[in-house]
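Colleague: I am new to reading protein models, and I would like to learn how to look at one feature at a time. Could we go through this one together?

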Amino acid sequence: MCGHHVIEHVRSKMLSRRGVLTGSLGAAAAVGGTALLAPPAVAATSGGTLTDLTHTLSSDFPTYGGEPGIEMTQVFNFADNGFNLFNMDVNEHTGTHMDAPLHFSADGQSVDELPVATLMAPLVKIDIAERAADNPDAQLTPDDIDGWVSAHGDLPESFIVAMDSGWSEKAGGKGFRNADDEGVMHFPGFHVEAAQKLLETGCVGMAVDTLSLDHGPSADFKTHYAWLPTNRWGLENVAGLGALPASGATMIVGAPKHRGGTGGPTRVMALV
């Protein structure tokens, strides 16, 4: 955090420029004067529309372990200090987040080591929502991958695969973890044989709309151990996959970049 004298200097500079900024941005301000119109590149690009696939992170969001994954403590507030600032205590693997290879390997890439070229790629969305509605322990299998290829053609040379189980709609309640009386959770995930099949392709990352790449009852995390040590990454708790087409979208992953991190809350988007 900057020293007090630095903060005061910045504030004085900001105040002195307020008139200039107000004049130049006034035309874009909303009627109430409290919001600016989204830049055209954000609202709609020349290639399509940008869609947010990220759950809002809060202490209420379900976590794999059941404990709150984030705690925010306000250190400065606008009324007393002229600005707002929170300290955050965050579990790396909470909310919509990245699993870096290091998460399940001794020497895999940490989040800051991920090649940026793998963080934006064509999206292959595989829908198992109907099956998951009848069986919460449903898994995405090699047959599902073959079915996608039969319907949509060859897999791209470099791509991200996402399991759409319809589970993100449960994120606001206990049904997301779906734990039974013994504490065993029940939600969909990737079967290890599907992960192994994808290792033979150009897939750079996999995404799920549930709490884990492995399905809920897994006690051995076979999919994590098959996938992450190959320096491929995963995304968990992705939102809004149901609104995306099975093919034709591009996923954009705003991965965290803290040194040595095994993962972290991530902003995920799709360009359709």
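Colleague: Let's start with Asn237. Is Asn237 buried or exposed?

Modeller: Keep in mind that this is a predicted model. Buried means under 20% relative accessible area. Asn237 has a relative accessibility of 1%, so it counts as buried. You can find Asn237 in the loop between β10 (233-236) and β11 (249-254).

Colleague: And what about the backbone there? What is the phi of Asn237?

Modeller: The general idea first: most residues other than glycine have a negative phi. Asn237 is not a glycine, yet its phi is positive, about 65 degrees. Asn178 is another such case, with a positive phi near 55 degrees. Asn178 sits in the loop between β7 (159-164) and β8 (189-190). With a relative accessible area of 27%, Asn178 is partly exposed.

Colleague: Now a charged residue. Which side chain of opposite charge is nearest to Asp209?

Modeller: For a charged residue, we can look for a salt bridge, which needs a side-chain nitrogen of Lys or Arg within 4 Å of a carboxyl oxygen of Asp or Glu. Asp209 lies in the loop between β9 and α8. The nearest side chain of opposite charge is that of Lys125, 8.8 Å away, and Asp209 is buried without a salt bridge.

Colleague: Then what does the side chain of Asp209 make a polar contact with?

Modeller: One partner is the side chain of Ser165, at 2.7 Å. In addition, a polar atom of the Asp209 side chain lies 3.1 Å from the backbone nitrogen of Gly166. Leaving aside residues up to four places away in sequence, Asp209 touches several others, among them Met163, Trp167, Phe176 and Leu241. Asn237, where we began, is also one of the residues that Asp209 touches.

Colleague: Let's turn to rings. How many aromatic pairs does a search of the whole structure find?

Modeller: Rings pair if their centres lie within 6.5 Å. The search finds five aromatic pairs. One of them joins Tyr64 and Phe221, which are tilted, with 6.2 Å from centre to centre and 50 degrees between the planes.

Colleague: Why does the pair of Tyr64 and Phe221 tie together parts that are far along the chain, 157 residues apart in sequence?

Modeller: Look at where each ring sits. Tyr64 is in the loop between β1 (50-52) and β2 (70-76), while Phe221 is in the loop between β9 (203-208) and α8 (222-227), so the pair links parts 157 residues apart in sequence. Tyr64 has 30% relative accessibility and so counts as partly exposed. Phe221, at 22%, also counts as partly exposed.

Colleague: Which aromatic pair does Phe221 form with Phe104?

Modeller: That pair is tilted too, with centres 5.7 Å apart and 55 degrees between the planes. Phe104 lies in the loop between β4 (97-99) and β5 (120-127), so this pair ties together parts 117 residues apart in sequence. Phe104 counts as buried because its relative accessibility is 15%. Together, Tyr64, Phe104, Phe221 and Tyr225 form one aromatic cluster.

Colleague: What sits over the ring of Trp167?

Modeller: A ring can also have a charge placed over it. For Trp167, the charged end of Lys170 sits over the ring, 4.7 Å from its centre. A second example is Arg232, whose charged end sits over the ring of Trp227, 5.4 Å from the centre.

Technical notes
Residues numbered from 1 in each chain as written. Predicted model: local features only at pLDDT ≥ 70, side-chain atom pairs only at ≥ 80, totals over all residues. Heavy atoms only, no water. Phe/Tyr/Trp six-rings, centres within 6.5 Å; stacked < 30°, edge-to-face > 60°. Helix = DSSP H or I, 4+ residues; strand = E, 2+ residues; numbered from the N terminus. Buried < 20%, exposed > 50% of the residue type's maximum accessible area, 1.4 Å probe, protein only. Lys NZ or Arg CZ within 6 Å of the ring centre and 35° of its normal. Lys, Arg positive; Asp, Glu negative; His and termini not counted. Polar contact = N/O pair within 3.5 Å; in protein donor to acceptor, adjacent residues only side chain to side chain. Contact = heavy atoms within 4.5 Å.
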